[in-house]
Amino acid sequence: IWTTAQAGSLGRHCTSAPESTWLSLSALKAKAEALGYKVEKAKVKAACGEIYARDGNGARTELFLDPTSGAVVAKQ
C-alpha cells in the first residue's frame with residue numbers, strides 16, 4: 001500500500017517556474033531510473049514530479065522531483 005503525501009506537507013517546495021520550462025514525465029522517470037530506482041508510477045502534481053518506485057533493495061519509496069531539473073527535493 002502506498003502512503004499518500006503532498007510535497008507541501010513535507011515542507012518542500014519543488015518549483016515556481018512556469019510549466020513550459022518543465023521536463024516531460026518520461027524525462028523525470030529517466031532521472032529517477034538513473035539514480036537506481038525502478039519506477040512503477042509517475043505523475044506531476046502541485047508543481048512536483050511524483051515518482052513511485054522501488055529502491056535497489058526493493059523497498060517502496062516516493063520521490064518528489066523538481067520538474068525543471070529532475071533533482072530530488074524530498075523522499076518518503
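The turns below ask how the terms used for this predicted model are justified.

User: What does the model rest on, and how are residues numbered?

Analyst: This is a predicted model, where local features need pLDDT of at least 70, side-chain atom pairs count only at pLDDT 80 or more, and totals for chains, interfaces and linings use all residues. Residues are numbered from 1 along each chain as its sequence is written, and side-chain values use heavy atoms, with hydrogens and water left out.

User: What makes up the protein, and in which order do the elements run?

Analyst: The protein has one helix and four strands. From the N terminus the order is α-β-β-β-β. Helices (H or I, at least four residues) and strands (E, at least two) are DSSP runs, numbered from the N terminus.

User: Why is A53 called buried or exposed?

Analyst: Buried means under 20% relative accessible area, exposed over 50%, and partly exposed in between (1.4 Å probe, protein chains only). A53 has a relative accessible area of 0%, so A53 is buried. Its place is in strand β2. A53 and K38 are 15 residues apart in sequence, yet 5.3 Å apart in space, C-alpha to C-alpha. Across the protein, buried residues make up 33% of the 76 residues.

User: What makes a group of residues a nonpolar core, and which residues form the largest one?

Analyst: A nonpolar core is a set of buried Ala, Val, Leu, Ile, Met, Phe, Trp, Tyr and Cys residues joined through side-chain atoms within 4.5 Å. The largest has nine residues: L28, A32, Y37, V39, A42, I51, A53, L63 and L65. Two or more residues come from each of α1 (25-34), β1 (38-45), β2 (48-54) and β3 (60-65). In soluble globular proteins, nonpolar side chains tend to be buried together.

User: How do you know that C14 and C48 form a disulfide?

Analyst: A disulfide is a pair of cysteine sulfur atoms within 2.5 Å. The sulfur atoms of C14 and C48 are 1.7 Å apart, and the two residues form a disulfide. The structure holds one disulfide. The pair links distant parts of the chain, 34 residues apart: C14 is in the segment before α1, and C48 is in strand β2.

User: What is the handedness of the disulfide of C14 and C48, and why?

Analyst: The torsion about the S-S bond is about 100 degrees, so the disulfide is right-handed.

User: Why does C48 count as buried or exposed?

Analyst: C48 has 1% relative accessibility, so C48 counts as buried. C14 is buried too.

User: Which label fits A46, and which fits A47, exposed or partly exposed?

Analyst: A46 is at 64% relative accessibility, so A46 counts as exposed. A47 is at 21%, so A47 counts as partly exposed. A46 lies in the loop between β1 and β2, and so does A47.

User: What is notable about phi of A46 and A47?

Analyst: Most residues other than glycine have a negative phi. A46 is not a glycine, but has a positive phi of about 55 degrees. Phi of A47 is also positive, near 65 degrees, in a residue other than glycine.

User: How do you know that K41 lies over the face of Y52?

Analyst: A charge sits over a ring if NZ of Lys or CZ of Arg is within 6 Å of the ring centre and within 35 degrees of the ring normal. K41 lies over the face of Y52, at 5.5 Å from the ring centre.
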